[in-house]
Amino acid sequence: MKPQSSKGCTASCAALANELMNARTSFHKLHLKVSGGGSFAAHLALNDLYDALPGHADTLVEQYQGACAMLMDIPDSTPRKLSSVQEAIGYIDDLAAQITSLQGEMPYSEIVNDLDTIKSSLNTAKYKLTFLK
């Protein structure tokens, strides 16, 4: 029997996967241009985050496609341009809010747990960017 999924949840999951892939690029570009006081800590924190995001996106898509026994259509969009660590922190908050929203509609507890793992990576990066200067 094929598991049930909602079109809204599938679209939200695909949108988050796209956003995580784009976020990797956005954080990587900022990582390469941070400067000034605290830039080494920010450089390392952003590196850890952009290294983690592709694996998180891959796990999310594979888990969802396996649970639903269907392939999802992941949209294309332009990565967000980040000019400062403060903008990166705001983006982290936006990603966390998007994940929390998806968790509220996700029918698969194992994927909800994977989404918590993504938020853990975001929280660690936010802590480092905020306090390790």
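Here are three short exercises, with solutions, on a predicted model.

**Exercise 1: the core**

Find which residues have the most contacts inside the largest nonpolar core, and which helix gives the most to this core.

*Solution.* Start with the core as a whole: the largest one has 40 residues. Now look for the ones with the most contacts inside it, and you land on Phe27 and Tyr64. Next, see where the core comes from: α1 (7-31), α2 (39-68), α3 (85-105) and α4 (109-131) each give two or more residues. Of these, α2 gives the most, with 12 residues.

Stay with Phe27 for one more step. Skip its neighbours within four places in sequence, and list what Phe27 still touches. You should get Leu46, Leu49, Tyr50, Leu53, Leu82, Ala88, Tyr91, Ile92 and Leu95.

**Exercise 2: Thr59**

Decide whether Thr59 is buried, partly exposed or exposed, then work out how far Thr59 is from Cys9 in space.

*Solution.* First, locate Thr59: it sits in helix α2. Its relative accessibility is 35%. Buried means under 20% and exposed means over 50%, so Thr59 counts as partly exposed. Now for Cys9: the two residues are 50 apart in sequence, and their C-alpha atoms are 16 Å apart in space.

**Exercise 3: a surface patch**

Name the residues that make the nonpolar surface patch of about 340 Å², and say whether Phe131 is buried or exposed.

*Solution.* The patch is made by Tyr127, Phe131 and Leu132. Pick out Phe131, which belongs to helix α4. Its relative accessible area is 61%. The cut-off for exposed is over 50%, so Phe131 is exposed.

Note on methods: Residues numbered from 1 in each chain as written. Predicted model: local features only at pLDDT ≥ 70, side-chain atom pairs only at ≥ 80, totals over all residues. Heavy atoms only, no water. Core = buried A, V, L, I, M, F, W, Y, C linked by side-chain atoms within 4.5 Å. Buried < 20%, exposed > 50% of the residue type's maximum accessible area, 1.4 Å probe, protein only. Helix = DSSP H or I, 4+ residues; strand = E, 2+ residues; numbered from the N terminus. Contact = heavy atoms within 4.5 Å. Patch = residues over 30% accessible without salt bridge, like charges linked within 9 Å, V, L, I, M, F, W, Y side chains within 5 Å. Areas by Shrake-Rupley, 256 points an atom, 1.4 Å probe, with all protein chains shown as cover. Salt bridge = Lys/Arg side-chain N within 4 Å of Asp/Glu carboxyl O.
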